[in-house]
Amino acid sequence: MLTDCCLLRTDNTAAPAAVFPSARGQHGADWRRIDYLAQGNDRQRAAHALLSERGLWAALQATCQDLALVSTLVIGLDRPGSDLDIICQHPDPASLAMGLTAQGWHGRDKGNGIWLLEQHLTGQDGQRWPLELYVTPGPIESLHGWRHLGLMAALLEHFGIDFYRAVLHLRLTQGLKGEAAICQLLALPGDPYLALLTLEGSDLGLLHWPQR
């Protein structure tokens, strides 16, 4: 269970109870909300405006069975050019993909019933955002995007602000993905997308971060 991540509530990341809802006595992370981004940093507020004011988030909510924003932006680990990654559950991903393609999205079949839709949108502030929409017929919690984000948030909370800054430094200076940056700091070998998942269900208190 995630706890109140007060150390990360800075200008770098909103990290409010919406992201770490155990501050309200809830369980798990609520990536299904985006309202908290309106109180975040500049990029978080801009992303919130893009998704809400243009009606995109509401339209997806009305169309899909379940929906979540799983971008590193929500935990303040994004960098310029980072995608806004959205995952949604829909009973017929191919049909939804066809409809979105007609609206300017570029789609492709990822296999196992999952479709990826991509598009660039420009906000009212002139900022251009790459969006990636992953459509699955199954529960969104099963997708790596959801699982990776939950693990990254838990690790940031566990190790604190210095770890957060170290991960962000690798993101900004070496262009690493969030998963790769965290695995490098924790010396987790192999494919970082798979290595990170090995921590699911483990006691984070047993992990060692050789802080430098």
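**Burial and packing in a predicted chain**

At 1% relative accessibility, Trp31 counts as buried, where buried means under 20% relative accessible area, exposed over 50% and partly exposed in between, with a 1.4 Å probe and protein chains only. Trp31 is placed in the segment before helix H1. Its C-alpha atom is separated by 8.8 Å from that of Gly150, although the two residues are 119 apart along the chain. The model is predicted, so that local features need pLDDT of at least 70 and side-chain atom pairs count only at pLDDT 80 or more, while totals for chains, interfaces and linings use all residues. Residues are numbered from 1 along each chain as its sequence is written, and side-chain values use heavy atoms, with hydrogens and water left out.

The protein chain has 7 helices and 5 strands. Helices (H or I, at least four residues) and strands (E, at least two) are DSSP runs numbered from the N terminus. Along the sequence they follow the pattern α-α-β-β-α-β-β-β-α-α-α-α. Of the 212 residues in the protein chain, 50% are buried. Contact is taken as heavy atoms within 4.5 Å; among contacts in the protein chain between residues at least 6 apart in sequence, 56% join residues at least 24 apart.

Two helices show how burial is arranged around an axis. In helix H2 (residues 56-63), the residues Leu56, Trp57 and Leu60 are buried. Viewed down the axis of H2, these buried residues fall within an arc of 95°, and they therefore line one face of the helix; the arc is that of the directions from the helix axis to the C-beta atoms. The cover over the buried residues of H2 includes helix H1 (42-53) and the strands E1 (66-69), E2 (84-89), E4 (114-122) and E5 (128-136). In helix H3 (residues 93-101), Pro93, Leu96, Ala97 and Leu100 are buried. Down the axis of H3 the buried residues fall within an arc of 105°, so they too line one face of the helix. They pack against H2, E2, E4 and E5. An α-helix has 3.6 residues a turn, so residues three or four places apart point the same way.

Attention now turns to two buried positions outside the helices. Ser71 lies in the loop between E1 and E2 and counts as buried, at 0% relative accessibility. Not counting residues up to four places away in sequence, Ser71 touches Asp83, Leu84, Asp85 and Leu149. Gln119, found in strand E4, counts as buried at 15% relative accessibility. Leaving aside neighbours within four places in sequence, Gln119 is in contact with Gln103, Gly104, Trp105, Trp129, Pro130 and Leu131. From Gln119 to Asp83 the C-alpha to C-alpha distance is 10.0 Å, for a separation of 36 residues in sequence.

The structure holds 3 aromatic pairs. Rings of Phe, Tyr and Trp (its six-membered ring) pair if their centres lie within 6.5 Å; planes under 30 degrees apart count as stacked, over 60 as edge-to-face and the rest as tilted. The rings of Phe159 and Trp209 have their centres 6.0 Å apart and their planes at 65°, so this pair is edge-to-face. Phe159 lies in helix H4 (residues 144-159) and Trp209 in the segment after helix H7 (192-195), so the pair ties together parts that are 50 residues apart in sequence. Phe159 and Trp209 are both buried. For Phe163 and Trp209, the ring centres are 5.0 Å apart and the planes at 80°, so this pair is also edge-to-face. Because Phe163 lies in helix H5 (residues 161-174) and Trp209 in the segment after H7, the pair ties together parts that are 46 residues apart in sequence. Phe163 is buried, as is Trp209. Ring pairs thus link Phe159, Phe163 and Trp209 into a cluster.

Helix H5 also packs with helix H6 (residues 178-186), at an angle of about 120° and with the axes 9 Å apart. Axes are lines fitted to C-alpha atoms, for helices over the stretch in contact, and angles run from 0 to 180 degrees between N-to-C directions. H5 and H6 are therefore oblique to each other; angles under 35 degrees count as roughly parallel, over 145 as roughly antiparallel, 65 to 115 as roughly perpendicular and the rest as oblique. H5 passes H6 in a right-handed crossing, the near helix being turned clockwise from the far one by less than a right angle, whereas anticlockwise would be left-handed. On the H5 side the contact is made by Phe163, Ala166, Val167, Leu170, Arg171 and Gln174, and on the H6 side by Gly178, Ala181, Ile182, Gln184, Leu185 and Leu186.
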